[in-house]
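I opened the file to look up turns, strand pairing and surface patches. These are my notes, in the order I took them.

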Amino acid sequence: FWTSAIPARRREIITLKGDDVSPGPISQAIRGLKKKVTPKDGLAFYFGGHGALVTKGGKTAHHLQLSCGRDIERGSLRKVLQGCNAGLTVLLTDCCSTREKYDGEKQKDVAGRPGEIPPVVDSLFFR
């Protein structure tokens, strides 16, 4: 998606895999971006892996489980990414968590019809 939709001169893709998916290399990559990103840029961070809702001290937070065996709180990662001061910061996490009911209602399907870009995705990435 990124390589076909965004011209090469306008994008930089950093991929971390295996042992590099740990707090140190993630922080280093984000620090490197802070030096390059401007308010005219968009910043997207994608994590695909395991996750869980963790309750500590009465507060529940979504944690991303890294391949090194450690985890990182999603909210903390979001704050660090926002510190890059991009015009748009997107944090996509494709991972599990325990699901809870929201006001007793079932979650609505936002996928739309097959072959159609969901309205949320269309507005976020294309409008």
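Loop after H3. I looked up Asn85 and found it in the loop between H3 and S4. This is a predicted model, and I read the backbone angles with that in mind. Asn85 has a positive phi of about 60°, and it is not a glycine. I noted it because most residues other than glycine have a negative phi.

Neighbours of that loop. Helix H3 covers residues 74-82. I checked what H3 lies across, and the answer was S1, S2, S3 and S4. Against S4, helix H3 runs at about 155°.

Sheet. In what order do the 4 strands lie? I wrote down S3-S2-S1-S4, an open sheet with mixed pairing. The edge strands are S3 (71-73) and S4 (88-95), and each of these pairs on one side only. From one strand to the next, the twist averages 50°.

S1 with S2. I took S1 as residues 42-56 and S2 as residues 59-65. The two pair in the antiparallel sense, over 7 bridges. For the register I looked up two positions. Val54 has Ala61 in S2 as its bridge partner, and Lys56 stands opposite Lys59 in S2. S1 and S2 form a hairpin with 2 residues between them. Gly57 sits in that turn, with a positive phi of about 60°.

S2 with S3. How many bridges join S2 to S3? I found 3, and the two strands run antiparallel. For the register here, I noted that Leu64 has Ile72 in S3 as its bridge partner. S2 and S3 also form a hairpin, with 5 residues between them. Gly69 is in the turn and has a positive phi of about 95°.

Turn residues, side by side. I listed Gly57 in the S1-S2 turn, Gly69 in the S2-S3 turn and Asn85 in the loop between H3 and S4. A positive phi is recorded for Gly57, for Gly69 and for Asn85.

N-terminal end. I then went to Trp2, which is placed in helix H1 (residues 2-5). Is Trp2 buried, exposed or partly exposed? Its relative accessibility is 30%, so I entered Trp2 as partly exposed; the class lies between the cut-offs of 20% and 50%. Trp2 also belongs to a nonpolar patch on the surface, along with Phe1 and Ile13. Together, Phe1, Trp2 and Ile13 have about 300 Å² of accessible area.

Note on methods. Residues are numbered from 1 along each chain as its sequence is written. This is a predicted model: local features need pLDDT of at least 70, side-chain atom pairs count only at pLDDT 80 or more; totals for chains, interfaces and linings use all residues. Side-chain values use heavy atoms; hydrogens and water are left out. Patches are made of residues with over 30% relative accessible area and no salt bridge: like charges are joined within 9 Å, nonpolar side chains (Val, Leu, Ile, Met, Phe, Trp, Tyr) within 5 Å. Accessible areas come from the Shrake-Rupley method with a 1.4 Å probe; for residues, only the protein chains shown count as cover. A salt bridge is a side-chain nitrogen of Lys or Arg within 4 Å of a carboxyl oxygen of Asp or Glu. Buried means under 20% relative accessible area, exposed over 50%, partly exposed in between (1.4 Å probe, protein chains only). Two strands pair if DSSP finds at least two bridges between them. Axes are lines fitted to C-alpha atoms, for helices over the stretch in contact, and angles run from 0 to 180 degrees between N-to-C directions. Contact means heavy atoms within 4.5 Å.
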